[in-house]
Amino acid sequence: MADRPILIAGGGIGGLALACGLSQRGHRVLVFEKAAEFGEIGAGIQLGPNAFHAFDFLGVGDAAREMAVYIDNLRLMDAITGQEITRVPLDEGFRKRMGNPYAVVHRGELHGVFLKACQESPLVELRTESTVVGYDQNDEDVSAILADGTRHRGVALIGADGLWSNIRKQMLDDGMPRVSGHTTYRSVIPVEDMPEELRWNAATLWAGPRCHIVHYPLSGWKLFNLVVTYHNDAPEPVAGKPVSHEEVRRGFEHVHPTARQIIDKGRNWKLWVLCDRDPVSRWVDGRVALLGDAAHPMLQYFAQGACMAMEDAVCLAAEFGADGGEVEERLAFYQDKRRLRTARVQLQSREIGQHVYHPEGTHAELRNAIMSAKTAEEWYDTIEWLYGTTGLEGAVSSRRN
């Protein structure tokens with residue numbers, strides 16, 4: 001494989017994470033990004049311990065740790081009563097149990113960590129304004145076909161081109177993403193604009209009927225990330241549309257004034273209609289494979305979209321770092337290692353939205369009773385499958401090692 005690069009369609013977090021992992025294992029990589037420059041749209045994201053497991057494997061652990069904000073708790077609040085339902089402490093006991101910390105970070109800063117690592121690697125070539133629209137392949141190699149008609153040959157092609165993946169469209173032709181009907185509005189504000197009594201060092205979620213509100217600090221406590229979601233039966237996908245404050249507030253008139261004031265502090269709100277897909281059993285076509293949202297787009301409710309993409313990158317890099325095996329075999333094994341874990345996150349993300357974040361009445365009372373009764377250790381037992389080291393160990397294990 002030394003004479004041909006591994007091709008990656010998409011220069012987001014997943015694509016660049018894979019480029020880092022492959023280059024560290026001696027592979028040439030060519031990344032195609034459709035935009036005029038590399039960057040990320042959005043604001044804050046949460047990084048579970050499994051993200052830090054991946055950072056270390058991908059060679060960016062120190063840089064990622066430097067820009068992260070380490071929070072003390074995950075807090076779940078009742079958006080109707082204004083009372084705390086439960087909290088999960090993220091202290092030394094949590095870190096010892098999971099093997100790494102929990103943190104929050106600006107999406108652009110995280111993307112920048114991977115971009116810098118790729119720019120510094122002599123094995124990674126980055127190309128902008130290069131939309132991969134399809135592929136063809138034979139027994140020797142695969143060609144990425146760009147929008148301008150040019151072709152680039154490689155040993156493998158990885159579709160890390162997101163929810164609207166052209167690679168997935170050719171491979172599976174499974175139609176449009178599933179529109180959830182949930183609309184998310186995002187804003188980032190200076191920390192001094194956040195109500196002082198709510199400047200908690202926590203990832204906080206206010207759960208209410210058909211809606212919820214999330215906030216946490218960013219960028220060394222210079223900013224606060226605000227994310228509010230309303231189940232308004234939105235019929236069509238929308239991404240990054242600027243909206244008025246009045247439109248955002250419309251879905252939250254029924255929540256407690258303490259929670260509602262968070263919305264009043266937001267500025268420059270932008271709207272996304274959330275979409276995902278059902279899990280599928282096939283991500284691979286010969287020398288072509290899908291990664292991240294192209295393979296398993298999920299709702300935001302587990303805060304695991306970027307984390308799952310980085311785990312995919314770890315698994316693929318490990319496969320291409322192992323001795324022996326044809327390209328097709330490596331990709332098929334990657335698919336088999338990742339498919340059920342990501343399917344679980346996809347499906348449970350839907351369930352959390354319905355049964356934890358958005359219920360009302362007796363359903364919400366039952367949620368509060370069950371969740372408030374759990375101890376910290378019981379919470380750790382519940383979430384260890386996702387955050388613990390076993391997930392990464394499964395990603396990097398190889399039948400050839």
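## A buried polar contact, two cores and an open sheet

The side chains of Asn100 and His53 are joined by a polar contact of 2.9 Å. That is a good place to start a tour of this predicted model. From there we can visit helix H2, which is mostly covered, then the largest nonpolar core, with 71 residues, and finally an open sheet of eight strands.

**Around Asn100 and His53**

- Asn100 lies in the loop that runs between helix H4 (92-98) and strand E7 (103-106).
- With a relative accessible area of 9%, Asn100 is buried, because the cut-off for that class is under 20%.
- Leaving out residues up to four places away in sequence, Asn100 touches Pro49, Phe52, His53, Asp56, Arg65, Phe94 and Arg95.
- Helix H2 covers residues 49-58, and nine of its 10 residues are buried.
- His53, the polar partner of Asn100, is among those buried residues of H2, as are Pro49, Asn50, Ala51, Phe52, Ala54, Phe55, Phe57 and Leu58.
- Just after H2 comes Gly59, with a positive phi near 85°.

**Ala68, another neighbour of Phe52**

- Look for Ala68 in the loop between helix H3 (61-67) and strand E4 (69-70).
- Ala68 counts as buried because its relative accessibility is 12%.
- Beyond the residues up to four places away in sequence, Ala68 touches Phe52, Ala103 and Val104.
- Ala68 and Gly220 are separated by 152 residues in sequence, yet their C-alpha atoms are 7.6 Å apart in space.

**The nonpolar cores**

- In soluble globular proteins, nonpolar side chains tend to be buried together.
- Here the largest nonpolar core holds 71 residues, and Phe55 and Phe114 have the most contacts inside it.
- Helix H9 (residues 305-321) supplies the largest share of this core, 11 residues.
- A second core, separate from that one, has 35 residues, including Ile71, Leu74, Leu299 and Met308.
- What does Phe55 contact once its neighbours within four places in sequence are left aside? The residues are Leu47, Val60, Gly61, Ala64, Leu110, Phe114 and Met310.

**The eight-stranded sheet**

- The strands of this open sheet follow the order E6-E5-E14-E15-E16-E13-E18-E17, and their pairing is mixed.
- Why is one side of E6 and of E17 left without a neighbour in the sheet? Strand E6 (84-89) and strand E17 (239-242) stand at the edges, and each has a single partner strand.
- From one strand to the next, the twist averages 20°.
- Strand E5 (residues 73-78) pairs with strand E14 (residues 202-208) in the parallel sense, over six bridges.
- Within that pairing, Leu76 has Leu205 in E14 as its bridge partner.
- Helix H8 (residues 257-265) packs on the sheet and touches strand E13 (178-190), E14, strand E15 (211-218) and strand E16 (223-231). The direction of H8 makes about 65° with that of E15.

**Two loop residues with positive phi**

- Most residues other than glycine have a negative phi, and most peptide bonds are trans.
- Arg210 has a positive phi near 60° and is not a glycine; Arg210 sits in the loop between E14 and E15.
- Is Arg210 buried or partly exposed? Arg210 is partly exposed, with a relative accessible area of 33%.
- Trp221 also has a positive phi, about 65°, without being a glycine, and belongs to the loop between E15 and E16.
- The relative accessible area of Trp221 is 30%, which makes Trp221 partly exposed.

Key:
Residues numbered from 1 in each chain as written. Predicted model: local features only at pLDDT ≥ 70, side-chain atom pairs only at ≥ 80, totals over all residues. Heavy atoms only, no water. Core = buried A, V, L, I, M, F, W, Y, C linked by side-chain atoms within 4.5 Å. Buried < 20%, exposed > 50% of the residue type's maximum accessible area, 1.4 Å probe, protein only. Helix = DSSP H or I, 4+ residues; strand = E, 2+ residues; numbered from the N terminus. Contact = heavy atoms within 4.5 Å. Pairing = 2+ DSSP bridges. Axes fitted to C-alpha atoms, helices over the stretch in contact; angles between N-to-C directions. Polar contact = N/O pair within 3.5 Å; in protein donor to acceptor, adjacent residues only side chain to side chain.
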